[in-house]
Amino acid sequence: MTSLVLGQPLRGAPAERSRLDGTEAPFVSVGHPGAADLVVVANRLPLCRPSSPSNGRRSIDAVPTGWEISPGGLVGALAPVLAARGGAWVGWPGTTGLTLPFSHAHMALHPVALTPLEHERYYEGFSNRTLWPLYHDAIRAPELDLDWWNAYVSVNERFAAAAAEVAAPGAAVWVHDYQLQLVPALLRRLRSDVKIGFFLHIPFPSPELFAGLPWRRQVIVGLLGADLVGFQVPNDAANFVRSARALARVDVCSRRLRFDGRAVDIGAFPISIDVEKVERAASSDQTVRRAAAIRDELGAPRHVLLGVDRLDYTKGIVARLEAFRDLLRAGVLSVSDHVMVQVAVPSREGLVQYCAERERIERLVDEINGENAPMGRPAVHYLHRSLPFDELIALYRAADVMLVTPLRDGMNLVAKEYVASRIDGSGVLVLSTFAGSARELHAARLVDPHDGDDLRTAIVDAVSMPVDEARRRMARLRSTVRSSTVHQWADRFLSALDHASLPVLSGA
Ligand code: GDG
């Protein structure tokens with residue numbers, strides 16, 4: 001177990017009270033390499049800028065004043081496991097200022113430093129201009145650049161070295177996502193005693209698409225360094241197995257591959273949300289009041305339609321707005337009865353594809369409002385910012401129809417959050433069949449976002465759905481979402497990793 005002393009700062013180190021959930025666990029410096037029984041390795045440390053101004057107290061160990069642990073689903077799911085097992089989180093802190101390890105709420109956080117050039121090549125370049133579009137059905141043309149690939153290799157080496165340093169003998173190391181696909185094999189070379197799990201949050205492409213990546217074999221071999229490789233849905237796992245067969249000549253026996261004299265387990269582990277947290281927020285009096293106030297602010301229309309996405313070309317925001325525009329133009333919907341709210345959280349703003357997408361979205365919003373909206377009463381309310389969690393939940397409660405229409409998405413948690421927040425059993429979810437969540441949320445009004453006709457019909461179906469049918473569907477959706485939480489997801493993955501075949505001990 002870890003030998004971190006938590007709950008009090010190290011001697012001489014001034015404490016900073018955490019603002020996460022009002023807990024009082026301080027950031028304290030840690031200096032115990034090789035002490036963590038569970039290590040999470042992810043591109044980012046779970047740190048963010050607080051939404052409220054800093055209280056002015058000084059942080060320690062170069063944690064800049066005003067940083068806090070980000071309260072997202074992943075950290076919510078993993079923090080208790082890390083606390084119970086004694087765990088560490090290895091990741092890029094998102095800034096150049098943070099270099100020393102520190103701890104928070106029984107987690108040791110180990111920053112991995114990146115230079116601005118590495119960030120540009122490894123993260124913006126190879127991760128987000130090569131892999132992201134390639135893994136999302138090449139909705140945008142993946143760009144190839146040898147310098148980006150070289151940076152990806154060297155940054156993955158650094159992450160693997162950091163994980164190797166903090167993992168206790170026999171520890172479980174859980175590597176996350178497309179930015180770190182080489183880490184499993186690199187880490188295995190450094191630490192053959194640890195168990196290595198890898199989970200991909202985004203889709204894995206078909207072998208035909210994957211063949212467009214010149215470094216495809218290296219990526220496959222990188223992933224095959226794990227004892228367990230997990231995907232969102234079975235189809236992603238099947239795509240991976242097909243490429244592994246073709247490129248690395250693995251033997252396949254059901255869900256277990258044999259590669260290089262070792263077994264590699266493959267599985268689908270659909271991620272979920274903190275259902276209890278969403279339900280608690282959705283049922284508070286404050287949220288109910290705020291949801292009613294939002295409807296009033298929107299002009300008390302009969303139907304509020306909602307979209308909530310990172311501003312990303314994979315999310316199908318343009319197709320959704322075009323469908324809404326066309327229905328208004330055709331007079332099928334009317335601005336007096338139908339108002340749309342689109343939250344588009346700023347994302348990857350340094351990349352040209354994202355700037356272009358933002359321009360397309362904003363042109364469409366202007367077009368729709370220009371053509372249809374009376375003065376002071378927009379038809380589309382466009383929020384290009386991140387909202388506080390409670391406001392997001394109030395919006396879910398205010399919305400009669402939730403439009404989740406990605407062109408391709410690993411899972412899509414917004415769909416699950418909407419369902420979890422509909423505690424009164426009302427509301428209609430329109431969900432793309434290209435989202436991983438469509439495999440579980442069959443009772444949604446499923447739609448093909450690539451087909452404008454289907455999208456328009458789905459919106460009309462949603463706003464005109466008989467109350468009985470809507471409630472029947474929502475009851476099924478709610479029972480599905482409630483039966484599988486993010487905590488169960490983490491438990492399932494980690495227990496599958498515990499049961500994966502034992503690694504060969506060094507020297508054995
Ligand atoms: C990747 C995969 C997979 C959004 N707007 C606000 C806000 N959000 C939160 C949502 C949700 C999260 O962001 C978005 O999650 P998604 O699953 O929709 O999408 P990605 O960011 O693309 O995530 C995806 C996921 O990883 C997990 O494996 O499902 O397929 O692409 O939780 O609530 N949160 C707040 N304000 C906002 O304005 N507070």
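This section describes the surroundings of the ligand and the internal cavities of the protein. The structure is a predicted model.

The shell around the ligand comprises 21 residues, among which His 201, Leu 387, Asp 409, Leu 413 and Glu 417 approach nearest. In composition, this shell holds twelve nonpolar residues, five polar residues and four charged residues. Two domains contribute to the site: domain 1 (36-49 + 64-271 + 489-499) and domain 2 (275-483) each provide at least three residues of the shell. In terms of secondary structure, at least two shell residues come from each of strand E14 (303-310), strand E15 (338-345), helix H12 (389-398) and helix H13 (413-421).

Polar contacts to oxygen atoms of the ligand involve several side chains. Asp 409, which is also among the residues nearest the ligand, places a side-chain N or O atom 2.6 Å from a ligand oxygen. For Lys 315, a polar atom of the side chain is found 3.0 Å from an oxygen atom of the ligand. In the case of Gln 232, the separation between a side-chain N or O atom and a ligand oxygen is 3.1 Å. The ligand taken alone exposes 740 Å², of which 80% is buried by the protein.

Cavities were examined in addition to the ligand site. Two cavities of 30 Å³ or more were identified, and the second largest has a volume of about 40 Å³. The lining of this second largest cavity consists of Gly 427, Val 428, Leu 429, Ala 443, Ala 444, Arg 445, Met 465, Ala 470, Arg 473, Met 474 and Leu 477. Strand E18 (428-432) and helix H15 (467-482) are the elements that supply two or more residues to this lining. Helix H15 makes the greatest contribution to the second largest cavity, with four lining residues. By residue class, the lining of the second largest cavity comprises eight nonpolar residues, one polar residue and two charged residues.

Methods:
Residues are numbered from 1 along each chain as its sequence is written. This is a predicted model: local features need pLDDT of at least 70, side-chain atom pairs count only at pLDDT 80 or more; totals for chains, interfaces and linings use all residues. Side-chain values use heavy atoms; hydrogens and water are left out. A residue is near a molecule or strand if one of its heavy atoms lies within 4 Å of it. A polar contact is a pair of N or O atoms within 3.5 Å; within protein, one must be able to donate a hydrogen and the other to accept it, and residues adjacent in sequence count only if both atoms are side-chain atoms. Accessible areas come from the Shrake-Rupley method with a 1.4 Å probe; for residues, only the protein chains shown count as cover. Ala, Val, Leu, Ile, Met, Phe, Trp, Tyr, Cys and Pro count as nonpolar, Asp, Glu, Lys and Arg as charged, and the others, Gly among them, as polar. Domain bounds come from an automatic or database domain assignment. On a 1 Å grid over the protein atoms alone, a cavity is a set of points where a 1.4 Å probe fits but cannot get out, and a pocket is an open set with protein on both sides within 12 Å along at least five of seven lines; lining residues have an atom within 4 Å of a point. Grid points are joined across faces, edges and corners, and a volume is the space filled by probe spheres set on the points.
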